[in-house]
Structure formats: C-alpha cells, structure tokens
Amino acid sequence: MTTRLPLPDPADLSPEQRAVYDSIAASPRGRVRGPLLVLLHSPELAQKVQDMGSALRFSRRLSRRIIELVILMTAHHLASAYVFAVHRETSQNAGLFDADQCDAIARGEFPDGLDATEQAVGAFCRALLTSHDVDEDTFRAVHDRIGDAGTVDLVILIGYYHSKRRRRLTWFQ
C-alpha cells in the first residue's frame, strides 16, 4: 500500500503534532499508525478525530458488543477489510463474538445469538448503510431500546467509520 500524503516521521514532529501523537499513543488505542499519522498534518483536527473515535469506541451508553457489531457491519458494508480484520480480532479476543458470528457478519448476515436490542441496532445499521435512511419503525425499535443519547451515538458511530473508510481510500492506494 502506498500513501498519497507523506506519513509524518515521529522523530520530526512539530510541538503541536507531538502533543497529539503522544495523546493518541497514551489512549486505549495505544499506537499511532496509518490514517492517524496522516491526520497529524492537521494536528487540531487529528486531536478532534481522535477524541471522537475514543468517545464512540469506549462509550458507556452503548455496550461494547453493540459497538463492535456496528463497526463490523459498517466495515463489511464498505469493504474495509483492514478495519473488519482488526475488529474481528478485537471482538473474538474480548469474547464478544465467536468465529462463526464474525463469519456471518462477513457474509452480510446477522449472526446467531443477538438479543432484541442488538437485532434492532443491526437492522438500523443495515438500513442506514444500504438506503441512507431509516424508516420510522426501525428508528423507533432502536430508540425505544437505547434512548436519545444512545441513538445519537449509534448514528455518529456509523458515520465515523464511514468517514474513516473514505479517508483511507483517499490517502492510501
């Protein structure tokens, strides 16, 4: 894979870039690579993107299992093999989904073993990704289960990973 924009060398970062780099490295993410390195060309935005990603991935309003389900479904829909592979491993290592469940998501199916909330979230995610809209029944099914703040987090989580894929496609060949 080649980059269209140079990846900043950690040894040559400006003070602003270094502060963001260190913040990302100290986060639960634990490392700075790929698109996050490219974002360092704009340190202020890099910090905001990092903060948003952390807030979404480590949200307390959505369960970890729902977060990983949404990320896996979004990655599959957008043909983001890298993100799918990373989150498949994360999900399996954390005991959130087993190999068969991840395989089902990779085929575009709902995995066995989803509870009613997870099924509603999966239907919402699928609708938003495929038709770019969510009908009233699908919206209500999610909203009734995860509330106002959870519904906002869900939409932003899907959009965040959609944006992440677009950045990767633009910056890397």
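These legends go with close-up views of side-chain contacts in a predicted model.

**View 1. Phe 124 and Phe 139, a tilted ring pair.** The structure holds 2 aromatic pairs, and here is one of them. The ring centres of Phe 124 and Phe 139 sit 6.5 Å apart, and the planes make an angle of 45°, so we call this pair tilted. Phe 124 comes from helix H7 (residues 116–131) and Phe 139 from helix H8 (residues 136–171), with their positions 15 residues apart, so to speak a link between distant parts of the chain. Phe 124 is buried, at 2% relative accessibility, while Phe 139 is partly exposed, at 28%.

**View 2. Tyr 160 and Tyr 161, edge-to-face.** In this aromatic pair the centres are 5.2 Å apart and the planes are 80° apart. Tyr 160 is buried, with a relative accessibility of 6%, and Tyr 161 is buried too, at 5%. Look for Arg 167 as well: it lies over the face of Tyr 160, 5.8 Å from the ring centre.

**View 3. Arg 168 over the face of Tyr 82.** Here's another arginine sitting on a tyrosine ring. The distance from Arg 168 to the ring centre of Tyr 82 is 4.5 Å.

**View 4. Asp 153 and Arg 61, a salt bridge between distant parts of the chain.** The structure holds 6 salt bridges, including this one. Nitrogen and oxygen are 2.8 Å apart where the two side chains meet. Asp 153 belongs to helix H8, whereas Arg 61 is in the loop between helix H3 (43–57) and helix H4 (64–77); they are 92 residues apart. The two partners have quite unlike surroundings: Asp 153 is buried, with a relative accessible area of 9%, but Arg 61 is exposed, at 54% relative accessibility.

**View 5. Glu 118 and Arg 65, a salt bridge between helices H7 and H4.** The closest N and O atoms of this pair are 2.7 Å apart. Glu 118 is on helix H7 and Arg 65 on helix H4, so the contact ties together parts of the chain 53 residues apart in sequence. Both Glu 118 and Arg 65 are buried.

**View 6. Glu 109 and Arg 107, one more salt bridge.** This time the closest N and O atoms are 3.1 Å apart. Glu 109 is partly exposed, at 39% relative accessibility. Arg 107 has a relative accessible area of 52% and counts as exposed, because the cut-off for exposed is over 50%.

How values were computed:
Residues numbered from 1 in each chain as written. Predicted model: local features only at pLDDT ≥ 70, side-chain atom pairs only at ≥ 80, totals over all residues. Heavy atoms only, no water. Phe/Tyr/Trp six-rings, centres within 6.5 Å; stacked < 30°, edge-to-face > 60°. Helix = DSSP H or I, 4+ residues; strand = E, 2+ residues; numbered from the N terminus. Buried < 20%, exposed > 50% of the residue type's maximum accessible area, 1.4 Å probe, protein only. Lys NZ or Arg CZ within 6 Å of the ring centre and 35° of its normal. Salt bridge = Lys/Arg side-chain N within 4 Å of Asp/Glu carboxyl O.
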